[in-house]
Amino acid sequence: MMTFAVRRTTVSAAAVVAVCLSVLSGCKDAPEGAGAPAPASSAASATPVAGAFEPEQALAEAEKTPYAASMKATSEAAGQELSTMTGRSNIGTLFTGRAEIRSSGMWIESVTTTDANYIRNRTKEGSGWVKSPRSPDNDANYAGYAKLLLAAGPSAKKGMETRNGVPTYHLGGRLDLDQVASVDPRTHRSMKSKGVTGFDIDQWIDAQGRTVRFEQRMDMRGAQAANKVDFSEFGPVETFAAPER
């Protein structure tokens, strides 16, 4: 199996794929451990932001209207980028979507429909699609994570920031693992089996309650690791069909 050497840490390609796919489906099967809280990005402005809003009201609106979004996710460890994933998926409803995962020597495609998941290893010439049942709890719930952060108290409300010209509200804090069970049971099971007790999250939402950026920081086998996801091109819910074999 191919591995990525990260200083004195070795991260398997299979682990990288699992992390990337988890980001697309709402941070499922996140890597173990927890790291320091994410600092505010340089893309965010500390100056007053026009169009200020309250995050609670925005999240209430998001729950009324599911949507589709494009995304770009990166997985990092010890200051090195391990992989990049791009794709599009439905959020706030039954998760379906498509993605491509790329890293050194690896290229994976994934399509999730309403009743199955399909994966193709493009690294191997002639490789076909492999079909498997979709997980019964494979639904993205970014709004759920934001509500957990808000429930932690005033310290989670970092305030308004502009990201790429869009007014957003920055939420951040540490979540205990038992809190996550209510919004993300698959991650809860995975992390509990690894002895993880919690992790740190930073999340930016827009006035419609849609997640614009989502970050996780943790310790992966002794190396500081992170998942960073940007969402864009929001639109109505889309249909993702099974790929042609």
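Me: In this predicted model, is E238 buried, partly exposed or exposed?
Reply: The model is predicted, so the figure is computed. E238 has a relative accessible area of 29%. Buried means under 20%, and exposed means over 50%. The value 29% falls in between, so E238 counts as partly exposed.

Me: Which side chain meets E238 in a salt bridge, and where does that partner lie?
Reply: E238 sits in the segment after β13. Its side chain meets that of R88, at 2.6 Å from N to O. The two are 150 residues apart, so the pair links distant parts of the chain. At 11% relative accessibility, R88 counts as buried. The partner is R88, in strand β4.

Me: Is K228 buried or exposed, and what about E76?
Reply: The side chains of K228 and E76 meet in a salt bridge of 3.4 Å, N to O. K228 lies in strand β13 and E76 in strand β3, 152 residues apart. K228 has a relative accessible area of 17%, which makes it buried. E76, at 23%, is partly exposed.

Me: Which residue does R120 meet in a salt bridge?
Reply: R120 lies in strand β7, residues 116-121. Its partner is in strand β6, residues 106-112, and the two are 11 residues apart. Both residues of the pair are buried. The side chains meet at 2.6 Å, N to O, and the partner is E109.

Me: Which residues are joined into one network by salt bridges that share partners?
Reply: A search of the whole structure finds 14 salt bridges. Some of them share partners, and these join into one network. Its members are R213, E215, R217 and D230.

Me: Why do the buried residues of α2 line one face of the helix?
Reply: In α2, residues 55-64, the buried residues are P55, A58, L59 and A62. Look down the helix axis: these residues fall within an arc, so they line one face. The face turned away from them carries exposed Q57 and K64. The arc is 100 degrees.

Me: Which elements do the buried residues of α2 pack against?
Reply: One of these elements is a helix, α3, residues 142-151. That helix is mostly covered, with eight of its 10 residues buried. Among the buried ones are Y142, Y145 and L149. Strands take part too, and the full set is α3, β9, β10 and β11.

Me: How many bridges join β10 to β11?
Reply: Strand β10 also pairs with β9, in the antiparallel sense, through six bridges. In that pairing, G159 stands opposite H170. With β11, R174 has D200 as its bridge partner. β10 and β11 also run antiparallel, and their bridges number eight.

Me: Which residue in the hairpin of β9 and β10 takes a positive phi?
Reply: The hairpin has two residues between its strands. The phi in question is near 55 degrees. The residue is N164.

Me: Which element gives the largest share of the largest nonpolar core?
Reply: Nonpolar side chains tend to be buried together in soluble globular proteins. The largest nonpolar core here has 33 residues, and Y145, L175, I201 and F231 touch the most other members. I201 touches residues including Y145, L149 and L175. The largest share, seven residues, comes from α3.

How values were computed:
Residues numbered from 1 in each chain as written. Predicted model: local features only at pLDDT ≥ 70, side-chain atom pairs only at ≥ 80, totals over all residues. Heavy atoms only, no water. Pairing = 2+ DSSP bridges. Helix = DSSP H or I, 4+ residues; strand = E, 2+ residues; numbered from the N terminus. Buried < 20%, exposed > 50% of the residue type's maximum accessible area, 1.4 Å probe, protein only. Arc of directions from axis to C-beta. Contact = heavy atoms within 4.5 Å. Core = buried A, V, L, I, M, F, W, Y, C linked by side-chain atoms within 4.5 Å. Salt bridge = Lys/Arg side-chain N within 4 Å of Asp/Glu carboxyl O. Lists of a residue's contacts leave out its neighbours within four places in sequence.
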